[in-house]
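I'm opening my notebook for this one and jotting down what I look up as I go. Cysteines come up before anything else.

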Amino acid sequence: MSRSPHRLSAEQPPAATIRAPGLPLVVLATLAVLVTAADTYVVVLALPDILTGVGVGIDELQRATPIVGGFLLGYTATLPLLGRLADLRGRVPVLAGCLLLFAVGSLLTATAAGLGTAVAGRGLQGVGAGGLVPATLALVADRWPPERRAVPLGVVGAVQEAGAVLGPLAGAAVLAVGDWRAVFWINLLLGLALAAGVVATGGRRPDPLGLALLALTGAAAGLQLAEPAALAEDVTLGLAWVPLADGVAATTPLVLGAGIAGIALVARSLTRPDGAVLPLRGVPRLLREVDVAGSLLAVVALGALVWAFAAADPAREVVAHGPVLLPVAAAAAVAFWLHERRTPDPVLPLAALRPAGAWGALLVNLLVGVALVAALVDVPLFARATTTPGDQLGAALVLVRLLVAVPVGAVAGGWLCRVAPPRAVAAGGMALAALALWAMTGWGETSLDSWTSTVVLLAAGLGFGLAIAPVNAVLLAVTAPEVHGSAGALAVVARTVGMLVGLSLLTAVALRRFTAEVGAIGSPLTLCPASPADCPAYEDATDAAVLLQLHTVFAGAAVAAALAGVAALVLLREVSRARAPRSA
């Protein structure tokens, strides 16, 4: 049966190269992506309560930056290493390990008494959440051939984007019946359950005693950190929290029990040749195979870049600590590139990304990130400035009109790749998003009251969604199976960096236009000398300046979306037209 010329048609690797995962494993991995994606947006609603819970006043919201930035830092900086580990050691160990890291981070955040512990917990959650995406994309590529994987890739993309909708809703539901800590206790349970499911369906032999020791260690540590009043204040049970040595907090029975169980777990892992819960015997060999120096340089480069943009206050600066962080990021990036060219086993196989479709997919993801973040941030700002002044919930509901269309577009984009060239699907989606964003530049104070605004928002979300599956499908089709984990990691890095850089640059440009416009208005005393305290002319001019600022961001996002469409059309070449990569 012949294939249509527009379909992805790379040759399938030999059966011995890849062991196709079972469908239950792919489903669990996709659910894990959903849980961690939702967690990314839970903090939006819970952040004020988290700050209060860790001793930070509500008037010190600027100190929330490390909580948000710590998650982004962990999410992005370690992606190259985790993607490479998924290629070297398999998808299942990385998925299970990332879920366990996510669970540990959730435990630290749920029990945090200070800002430092909360930041550390969110950072670990970010590491775990980030590593799940490339491993799941690689799982899909392992199971489906190139010409059939666009739809499942679209489903994974849809689930990931659905987190933006479900996260705030789930957070609101939990906060309605409990406090912010309950959100992270639920994340802990979900992370552990999904990790157990991944191991059970991933074809690995379970180690019952090792699992029991791991559960005992985690339970003892969790109880020590949580210190639930109903147990800790009990006359008998409370002895578990009383130090055996006066003045030495680390000598409580719970801490000692966790330590003994942990030591037993490590000892068992070192003596078992395979199937251990913690594969410690393979660590020395893994360190020889993994490019440690390259991994560290990638962490420094990405970490400095992410923090420079994530910690910036757009009202005052494009980047935070720019004179320090940007040179550090640049120097680490150059050193990384030189090192990767010379080392025989690089953490990022740059040679595998030579086909135009590979680096073209990364460029498209970067530009999509720039355009998408503008919509995610400025649509609610526009709603709060016009239709729903000061109403955060109402503004969020306006954004939902865009977000609900993204998963629909992701699945539709995967299906359309069966009947149309992937680059045409991606380019069409980004053209639709660009037109919708450009339409937003003409919005006025009452535009959101009209049904036409809903059409524009749905079109923007649908356009963004349509590009997800074809871009990832081309990227995975033009790269060898042995580097699919790394390729997926780079796709996530490109989009995340695009979002961070785009938000800072577009906001900075828009604020400058706003400042210039306000400066040209003059003072209320000049416009209304008789009644400067009540000056409609000044208020109207200021409102117009606010709209100009938002329109500037929408215009910049429209340009980025249009450039993404052009890049997709030119660079996302099908496999039949790209140089076939050689297997490692």
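**Entry: disulfides.** I looked for disulfides in this predicted model and my count came to zero. As a reminder to myself, a disulfide is a covalent bond between the sulfur atoms of two cysteines. I then checked how covered two of the cysteines are. Cys98 has a relative accessible area of 1%, so I put it down as buried, the cut-off being under 20%. Cys417 comes out at 8%, so it goes down as buried too.

**Entry: the whole chain.** I noted 22 helices and zero strands in the protein chain. Of its 584 residues, 49% are buried. I also looked at the accessible surface, which comes to about 25500 Å², with 69% of that belonging to carbon and sulfur atoms. Among contacts with a separation of 6 or more, 80% are between residues 24 or more positions apart.

**Entry: a covered helix.** I picked out helix H19, residues 468–477, and found 10 of its 10 residues buried. Asn472 is on that list, along with residues including Ile468, Pro470 and Leu476.

**Entry: salt bridges.** How many salt bridges does the structure hold? I got four. One of them joins Arg122 to Asp39, with the closest N and O atoms 2.8 Å apart. Arg122 sits in helix H5 (residues 115–143) and Asp39 in helix H1 (residues 23–53), so this pair ties together parts that are 83 residues apart in sequence. Both partners are buried.

Next I followed Arg91. Its side chain meets that of Asp87 in a salt bridge at 2.9 Å, N to O, and Arg91 also forms one with Asp142, where the closest N and O atoms are 2.8 Å apart. Arg91 is in helix H4 (residues 91–110) and Asp142 in helix H5, so that second pair ties together parts 51 residues apart in sequence. I wrote Asp87, Arg91 and Asp142 down as a network of salt bridges. Arg91 and Asp142 are both buried, and Asp87 counts as buried as well, at 17% relative accessibility.

**Entry: a charge without a partner.** What does Glu340, in helix H13 (residues 322–342), reach with its side chain? I found the backbone nitrogen of Val347, at 3.0 Å. Glu340 is buried but has no salt bridge, and Arg84, the nearest side chain of opposite charge, is 7.7 Å away. Leaving out residues up to four places away in sequence, Glu340 touches Asp291, Gly294, Pro346, Val347, Leu348 and Leu350.

Conventions:
Residues are numbered from 1 along each chain as its sequence is written. This is a predicted model: local features need pLDDT of at least 70, side-chain atom pairs count only at pLDDT 80 or more; totals for chains, interfaces and linings use all residues. Side-chain values use heavy atoms; hydrogens and water are left out. Buried means under 20% relative accessible area, exposed over 50%, partly exposed in between (1.4 Å probe, protein chains only). Lys and Arg count as positive and Asp and Glu as negative; His and the chain ends are not counted. A polar contact is a pair of N or O atoms within 3.5 Å; within protein, one must be able to donate a hydrogen and the other to accept it, and residues adjacent in sequence count only if both atoms are side-chain atoms. Contact means heavy atoms within 4.5 Å. Helices (H or I, at least four residues) and strands (E, at least two) are DSSP runs, numbered from the N terminus. Accessible areas come from the Shrake-Rupley method with a 1.4 Å probe; for residues, only the protein chains shown count as cover. A disulfide is a pair of cysteine sulfur atoms within 2.5 Å.
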